[in-house]
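The following exercises concern one predicted model. Please work through each task before reading its solution.

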Amino acid sequence: MAGEARRERVIGNQLSELADVERWLAELVVEWGLSDQTAFALDLVLNEAVTNVITHGYPDGRPDSITIALTDAADALVLEIEDHARPFDPLTAPAMATGTDLAHATIGGRGIRLIKTYSDEQCYSYVSGANRLKLVVRKGS
């Protein structure tokens, strides 16, 4: 695709919205001709990040919106997620302790690690009451 393409989606802060996000992303994967490998990484980081915001960012359950923007640049995809949940920088969160075997493994807590593993660059800021997470997934990553 010549030049950059950018798409944006605004969703509510309910887990039920993730099905709509999945359909939207699947359409973009086809439209932009992304490889299976890149699509997998993008889907994983997007779902983990948005699920974390919805699940942990709104303990009071108040309705709000989350803006997801995706840019198809020459060699990478740039994912930007903005929400008005409580401030949280996932990039400075302490690493989760890993179990030595299945008997000692815990459920949950792996989302941030997956985001860091499957995205090539990460940037977080909290500006004017909004969390802004930017994730870069290089094509072919």
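**Exercise 1.** Determine what percentage of the contacts in the protein chain between residues at least 6 apart in sequence join residues at least 24 apart.

*Solution.* Step one: count as contacts the residue pairs with heavy atoms within 4.5 Å. Step two: retain pairs at least 6 apart in sequence; of these, 67% join residues at least 24 apart. Step three: set this beside the order of elements, which from the N terminus on is β-α-α-β-β-α-β-β, with 3 helices and 5 strands in the chain.

**Exercise 2.** Establish how the span of helix 1 relates to the expected value.

*Solution.* Helix 1 covers residues 18-32, which is 15 residues. At 1.5 Å a residue, 21 Å is expected, and the distance from the first C-alpha to the last, 21 Å, is close to that. Just after the helix, Gly 33 adopts a positive phi of about 65 degrees.

**Exercise 3.** Identify the buried residues of helix 1 and explain why they lie on the same side.

*Solution.* Step one: apply the cut-off for burial, under 20% relative accessible area. In helix 1, Leu 18, Val 21, Trp 24, Leu 25, Leu 28, Val 29 and Trp 32 are buried. Step two: because these residues cover an arc of only 140 degrees around the axis, they fall on the same side of helix 1. Step three: on the other side, Glu 27 and Val 30 are exposed. Step four: the packing partners of the buried residues are strand 1 (5-12), helix 2 (36-56), strand 2 (65-72) and strand 3 (76-83).

Methods. Residues numbered from 1 in each chain as written. Predicted model: local features only at pLDDT ≥ 70, side-chain atom pairs only at ≥ 80, totals over all residues. Heavy atoms only, no water. Helix = DSSP H or I, 4+ residues; strand = E, 2+ residues; numbered from the N terminus. Expected span 1.5 Å × (residues − 1). Buried < 20%, exposed > 50% of the residue type's maximum accessible area, 1.4 Å probe, protein only. Arc of directions from axis to C-beta.
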